[in-house]
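Subject: Structure for you to look at

Hi there,

Here is the structure I promised to pass on. Please open it next to this message, and then read on for what turned up.

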Amino acid sequence: MNNTFSSFQLSKYHFNYPDEIIWKCQRCTSCCKDSLNHIRRIKLLKKEATTLSNKIKIPIENFTVPTLDKIYSYEILKNNGKCIFLKDNICNIYENRPLICQFYPFEMKLLDDNVYQILFSGKECKVTNKGKKLDEYFFRKLATNALKYFSD
């Protein structure tokens, strides 16, 4: 995979994102469950756990366990290695899914004060190199969604 990056500015933040990525989610749900090679950790920020709890009308402790992570306060429970919100291979909270789900197969790392790098991290994603070439608009939308939770 190509390791070159482009960038954009959003508010006071600077984002680097990978060039030449071809990908489109096919909703195969393999990112919603454990595989032989990877245990999925579907983490939630405290703010998004509260928001999700209010939207789905379920107490946080009924769908998560607390974590010791400094950034993510909770992890979504699983049933037989699958996210508890995955029913018949359909995400029941898709419109309100956590950032970690919105980002997959990407992740965002803080490089320096107000400088983030968006990286491809979904080595197990079955649709890599299928779909369309992702552009700045795609990564700008991800970053905008993330900033809703990181900024007050």
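Let me start with a question: which residue in strand 12 does His14 stand opposite? The partner is Val115. Before going further, please keep in mind that this is a predicted model.

That pair belongs to a parallel pairing: strand 2 (residues 13–18) and strand 12 (residues 115–120) run parallel and are joined by three bridges. Strand 12 also pairs with strand 11 (residues 106–112), in the antiparallel sense and over six bridges. Val115 turns up here again, as the bridge partner of Asp112. Strand 11 and strand 12 make a hairpin with two residues between the strands, and Asn114 there takes a positive phi near 65°.

Next, a separate topic: the open sheet. Three strands form it in the order 4-6-5, with antiparallel pairing. Its edge strands are strand 4 (43–44) and strand 5 (64–66), each of which pairs on one side only. Between strand 5 and strand 6 (residues 74–76) there are three bridges, again in the antiparallel sense. If you would like a residue pair to click on, Thr64 has Ile76 in strand 6 as its bridge partner.

Now to helix 1, which spans residues 46–56 and has Glu48, Ala49, Leu52 and Ser53 buried. Viewed down the axis of helix 1, the buried residues fall within an arc of 140°, so they line one face of the helix. What covers these residues? The cover includes strand 4 and strand 6, along with helix 2 (99–103) and helix 3 (136–150). Strand 4 and strand 6 are also members of the 4-6-5 sheet described above. On the face of helix 1 turned away from the buried side you will find Lys46 and Lys55, both exposed. Just after helix 1 comes Lys57, with a positive phi of about 60°.

One last stop is Lys148, which lies in helix 3. Is Lys148 buried or exposed? Its relative accessible area is 53%, and exposed means over 50%, so Lys148 counts as exposed. Lys148 and Lys132 are 16 residues apart in sequence, and their C-alpha atoms are 26 Å apart in space.

Do have a look around when you get a moment, and write back with any questions.

Best wishes

Notes:
Residues numbered from 1 in each chain as written. Predicted model: local features only at pLDDT ≥ 70, side-chain atom pairs only at ≥ 80, totals over all residues. Heavy atoms only, no water. Pairing = 2+ DSSP bridges. Helix = DSSP H or I, 4+ residues; strand = E, 2+ residues; numbered from the N terminus. Buried < 20%, exposed > 50% of the residue type's maximum accessible area, 1.4 Å probe, protein only. Arc of directions from axis to C-beta. Contact = heavy atoms within 4.5 Å.
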